[in-house]
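Please open the structure in your viewer and keep the selection panel at hand. The stops below are to be taken in order.

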Amino acid sequence: MKTLPLYSFGFLALSLLLSPLPKDLTADQDWPMWLRDSRGGPLETERQLQDPGIRPENRIWVSEDYIPPARASDGRRAATNLDRPGSGGHASPILANGHIYHYHYRPSGSVFDSVVLERRLEMTQEEAAREAEKFPRSGNLLFGHNRWLVEATDILTAIDARTGETVWQKELGHQGLNYNLFNKSGGGPSPAYHQGKVFVMGTGGQVWAVEADSGEIAWRGHIGQRARQNQQYRQRAVEMGRGPRFREDLLSGFVAAGGVAIVSNHLFHRVEQGEGTDYHYDILSGYVAFDTESGEVLWETSDIGFHRYPVIWENQGEYFLLTDHLFQVSLRNLRTGEPLWEVDFGHRHRFGPTVSEEYALINRSVSREDGSQLSGFRISQEGLEHLWSWDRNEDLVGNALIIGEYGYGIIGQEVRCFDMESGEVIASAHIGSIDSSDGNALLLTYGGWLITVGESNGQGWNFIDPNPEKMAESVRFFPHEFEKGYDVSIMPAIGYGHFFVRTETNIEAYRLDP
């Protein structure tokens, strides 16, 4: 069996001395959901960085317990290296309540996928069961033939943000599906924290609200029709020994604000036959909104969403949902779902629209044939005012950001800064090529800096000054082996001057300033 590095309790105790995290952590510096607040813009309360970077000497802890990798050759091209741990999904860690919260799934049950057994390993269910006993589970890591069990257990873990020690770990349910049999996407819903609870969606479409301090389940529910379908898929997989393959499916998780938690309901997907099994592709989606205290379904719809993370817009003390569809964008009351306005064009991109208090960036799409254009708008509760559009061949790699009067996005091999009123490109910084599907394409801001991945000089992180006058010469690259997803970006969680990031089998914490 693969030998993994061990981290002593002495190291964890030492991290308390090395970490300058304040004793009392306040919510206004948390990173409580994927992309922090679903928009990714800066916060007035965040710590400003002077000399940021991801440096080995500034690593303050490695998580006490291992977490499974995101991508592993578990399915269609089953790996012969049985000592490599199997996948646990593409979720990102979040930072809230003095903890790092992380979701993963673990293949479980007693039925193995017959496609892998018969076509790759040439063995029966009985032979696989005997072989699986030679690979006992190591904490959260699963090895050997256990990787091809068709069912899954959904798991949420709380980690002390100061030390990396596991505070609690909760098995939420055993009705999930092993999403990595196809080895692409799926099973990556990141949790969200709001008002003392952590909200998570599992691989079967079930949802849970978990008490953030104790790990006790406050309430449970599901996303509707798709959850019922997934239970049918699970039952069929158990009966036939044939797990469904998922790609571009259940790629999003919860966002929460104002006492409402919202998640895509992944309603519409297509199923294709191939290689003796079924391949599932997410197509379009609606949303389902839950009351965070009671779990009551406040509203749901099938016709306004896509299969990405919902985007919350805050304006004049109220919260709204900016919905994106291929051919429609709308603004809706977060609690009731009632529309304030709708426009007759959509948003086409792996990430949702980007919004600030005053502006919105939408990859404007009118029809499948015409493609899409990155476009800038002024946004209000009354509607959108179109400001500009770029040419159709100017495609964003990853998400965009709006910081004050400037927009930022990765185009080709550079980060561009452009004026939000005119769309004029003001400055750029070269960062090299990033694969939009499996390069973990993302663009973040924290502490007065832009942060993105880099791969030109090996894997690592770029820090860039967003000041247009300094951008081009400010790029600083720090080598680091982080974990990547497929068709979904695995975000770090950033707060209190610290950087919390997934690696292949752990979460690591770094102090950003020396």
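The tour of this predicted model proceeds through strands, loops and aromatic rings.

**Stop 1: a sheet of strands**

Select residues 401-403 and 425-430, which are strands S25 and S28. These are the edge strands of an open sheet, and each of them pairs on one side only. The sheet has 4 strands in the order S25-S26-S27-S28, with antiparallel pairing. From one strand to the next, the twist averages 25°. Add residues 406-411, strand S26, which pairs with S25 in the antiparallel sense over 3 bridges. Within this pairing, Leu401 has Tyr408 of S26 as its bridge partner.

**Stop 2: a hairpin**

Proceed to strand S29, residues 443-446, and colour its side chains by face. Which residues cover each side of S29? Leu443 and Thr445 lie on one side, Leu444 and Tyr446 lie on the other, and all are buried. Strand S30, residues 449-454, runs antiparallel to S29 and is joined to it by 4 bridges. Leu444 has Ile451 of S30 as its bridge partner. The hairpin of S29 and S30 has 2 residues between the strands, and Gly447 there takes a positive phi near 60°.

**Stop 3: two residues with positive phi**

Select Arg36, in the loop between helix H1 (9-18) and strand S1 (59-62). Arg36 is not a glycine, yet its phi is positive, near 65°. Is Arg36 buried or exposed? Its relative accessible area is 2%, under the 20% limit, so Arg36 counts as buried.

Next, select Gln316, in the loop between strand S16 (311-315) and strand S17 (318-325). Gln316 also is not a glycine and has a positive phi, of about 55°. Gln316 has 68% relative accessibility, over the 50% limit, and therefore counts as exposed.

**Stop 4: aromatic rings**

The whole structure contains 17 aromatic pairs. One of them is formed by Tyr101 and Trp168, whose ring centres are 6.1 Å apart; the planes meet at 45°, so the pair is tilted. Tyr101 belongs to strand S3 (residues 99-112) and Trp168 to strand S5 (residues 166-177), so that the pair links parts of the chain 67 residues apart. Both residues are buried.

Then display Trp388 and Trp390, a tilted pair with 5.6 Å from centre to centre and 35° between the planes. Trp388 is buried at 5% relative accessible area, and Trp390 is buried at 9%. Add Arg416, which lies over the face of Trp390 at 5.7 Å from the ring centre.

Select Arg364 as well: this residue lies over the face of Phe345, at 4.7 Å from the ring centre. Finally, select Phe199, Trp219, Phe254 and Phe290, which ring pairs link into a cluster.

How values were computed: Residues are numbered from 1 along each chain as its sequence is written. This is a predicted model: local features need pLDDT of at least 70, side-chain atom pairs count only at pLDDT 80 or more; totals for chains, interfaces and linings use all residues. Side-chain values use heavy atoms; hydrogens and water are left out. Two strands pair if DSSP finds at least two bridges between them. Axes are lines fitted to C-alpha atoms, for helices over the stretch in contact, and angles run from 0 to 180 degrees between N-to-C directions. Buried means under 20% relative accessible area, exposed over 50%, partly exposed in between (1.4 Å probe, protein chains only). Rings of Phe, Tyr and Trp (its six-membered ring) pair if their centres lie within 6.5 Å; planes under 30 degrees apart count as stacked, over 60 as edge-to-face and the rest as tilted. A charge sits over a ring if NZ of Lys or CZ of Arg is within 6 Å of the ring centre and within 35 degrees of the ring normal.
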